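Here's a quick briefing to read alongside the model. Have the structure open and follow along.

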Amino acid sequence: MANRRAWLALSVLMLPLLLVSMDVSVLYFAVPFISQDLHPSSTQQLWIFDIYGFVLAGLLLTMGALGDRIGRRRLLLSGALAFGAASTLAAYAGSAGTLIAARAVLGIAGATLMPSTLGMVRNLFPDARQRGRAIAVWTAVTSGGIAVGPVLSGILLEHFWWGSVFLINLPAMALLLVLGPVLLPETPRLRGGRFDLPSAVLSLAAILPLIYGIKELARNGFQSLPAGAILLGLLAGAVFVRRQRTHPGALIDLALLRSRGFSSSVAMNVLGMFGVVGMAIFVTQYLQLVLGMSTLEAALWSVLPSVAVGAVAPAAAALGARIGKAKVIAGGFLLMALGFGTLALADAHSALWVVLVAAGVYASGAVALMSQVSEVVMAAAPAERASTASALLESGTELGGALGMAILGSIGTAVYRADVQAALPADLPADALAQVRDSLGGTEVALAQLPAETGKLVLGAARDAFAGGMQAAAIAAAVLMVAGAVLALALLRHLPVGTPQSPAGQDSGQRADVLV
């Protein structure tokens with residue numbers, strides 16, 4: 001059983017996790033201020049925003065495997081130092097190129113922190129029931145950080161310059177560097193075989209182009225470069241898997257993927273993130289472009305569902321111990337389906353509470369799903385491979401989110417363009433027509449060149465069409481979530497009810513090679 005020291009150690013681990021999660025979204029409000037100061041090109045502006053997530057996703061597997069070999073505490077503290085240094089460089093960057101480089105280093109450091117935190121939870125809590133509660137906290141902090149990032153950014157930018165959104169990382173990282181060596185034990189190290197650098201390069205060559213290609217296709221539609229990137233990523237992934245089968249120092253033990261429950265749980269996580277991330281884009285745009293909220297106002301309202309679901313993860317952990325994780329995971333999918341079904345009822349004239357309730361319901365389902373899936377993955381992984389298992393889970397999160405944005409976004413865009421084309425005035429100028437058909441955001445730009453009455457008509461048609469696209473995407477997501485519930489019951493029905501102890505010899509404190 002874990003003692004008070006372990007729970008204190010968990011609170012320390014939440015510091016880097018919260019900041020890494022926040023840095024995914026903390027630039028939402030800062031980009032205009034950065035543009036005024038550093039004058040980046042349009043391409044540089046995109047990379048300032050995107051490079052962090054791309055590098056983070058691409059290096060998760062590599063850093064997870066490295067943490068298993070050199071020790072998670074060592075990698076965590078090294079990553080914290082690098083994260084703090086990169087945050088300082090980003091805050092005082094004098095050019096767009098410097099800021100892009102700093103964000104890339106932040107991504108590298110973030111990739112060391114995320115799998116290390118969940119991997120250490122696996123070792124701090126050998127008792128399955130306590131580990132379930134700890135993973136529930138880990139899940140809630142991860143979700144909360146992404147939601148809080150834009151709000152904190154907006155508040156800071158009201159009073160300070162844009163670099164402050166990076167400097168907030170420094171106190172937390174300093175606290176981690178002081179308390180980490182005292183409270184965090186070193187973890188079991190994977191013995192035998194040198195770190196396989198070619199496998200690390202192949203994993204990066206597989207994941208980075210794949211995530212980049214999917215996100216670019218979601219943003220701009222079909223283009224040859226992102227399509228080629230996806231093909232390159234798939235080819236590199238095939239070579240990577242082949243190497244893992246034959247190399248003695250492989251990054252991933254493929255036996256882990258064949259473990260009962262492990263692969264199915266990772267797949268459930270991909271499907272859940274497909275829905276929640278794909279629909280979050282629609283909700284954000286609905287608040288801003290349909291309801292006419294400012295960015296900060298939309299961010300503040302978006303936090304409300306996250307606050308409401310704060311207790312869901314601990315409740316899911318308790319329920320999973322009572323009725324079984326498979327049923328809770330299936331229930332999470334059904335809650336998500338209910339939330340998406342509610343969202344499908346919202347049109348351009350719906351009350352705000354309809355969207356917020358829908359978001360709260362599907363967010364509750366997603367948190368329940370994530371917490372239980374994380375428990376299954378961590379219980380299935382040997383203690384010495386916990387960081388690799390965490391990295392696989394988090395890579396699935398990135399992939400699922402990218403696929404959700406691409407596929408659900410494409411559905412929404414197709415319906416939007418069909419509906420808005422049919423509703424627009426026949427005499428609309430060609431330039432304005434092209435902007436309106438492109439997106440609801442483009443409609444806002446087109447209004448400047450239209451007479452007031454025509455502009456009002458066009459904006460109403462575009463908002464109605466956007467709501468129709470959101471409804472179509474929500475229906476598609478709801479259907480997929482119902483399918484996910486069926487799959488969860490079918491693929492995870494073998495999981496035992498209750499919280500049995502992990503196999504002897506796999507937990508922290510039970511191996512001779514643990515360095516405290």
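**A helix pair, a helix and a pocket**

In this predicted model, helix α12 (residues 262-290) packs against helix α17 (residues 386-423) at an angle of about 40 degrees, with the two axes 6 Å apart. Both of these helices also turn up among the elements lining the second largest pocket, and so does α9.

**How α12 meets α17**

- Angles from 35 up to 65 degrees fall in the oblique class, so α12 and α17 are oblique to each other.
- The crossing of α12 past α17 is right-handed.
- Sorted by class, the α12 contact with α17 has 16 nonpolar and 10 polar residues, and no charged ones.

**Helix α9 and what follows**

- Helix α9 covers residues 197-220, which makes 24 residues.
- From first C-alpha to last, α9 reaches 34 Å, close to the 34 Å expected at 1.5 Å a residue.
- Just after α9 comes Gly 221, with a positive phi of about 80 degrees.

**The second largest pocket**

- The second largest pocket holds about 540 Å³ of space.
- It is lined by 21 residues, and the closest to its centre are Leu 61, Ile 207, Leu 392, Ser 395 and Leu 399.
- Two or more lining residues come from each of α9, α10 (224-246), α11 (254-257), α12 and α17.
- What classes of residue make up the lining of the second largest pocket? There are 15 nonpolar and six polar residues, with no charged ones.

Definitions and conventions: Residues are numbered from 1 along each chain as its sequence is written. This is a predicted model: local features need pLDDT of at least 70, side-chain atom pairs count only at pLDDT 80 or more; totals for chains, interfaces and linings use all residues. Side-chain values use heavy atoms; hydrogens and water are left out. Axes are lines fitted to C-alpha atoms, for helices over the stretch in contact, and angles run from 0 to 180 degrees between N-to-C directions. Helices (H or I, at least four residues) and strands (E, at least two) are DSSP runs, numbered from the N terminus. Angles under 35 degrees count as roughly parallel, over 145 as roughly antiparallel, 65 to 115 as roughly perpendicular and the rest as oblique. A crossing is left-handed if the near helix is turned anticlockwise from the far one by less than a right angle, and right-handed if clockwise. Ala, Val, Leu, Ile, Met, Phe, Trp, Tyr, Cys and Pro count as nonpolar, Asp, Glu, Lys and Arg as charged, and the others, Gly among them, as polar. The expected span of a helix is 1.5 Å times one less than its number of residues. On a 1 Å grid over the protein atoms alone, a cavity is a set of points where a 1.4 Å probe fits but cannot get out, and a pocket is an open set with protein on both sides within 12 Å along at least five of seven lines; lining residues have an atom within 4 Å of a point. Grid points are joined across faces, edges and corners, and a volume is the space filled by probe spheres set on the points.
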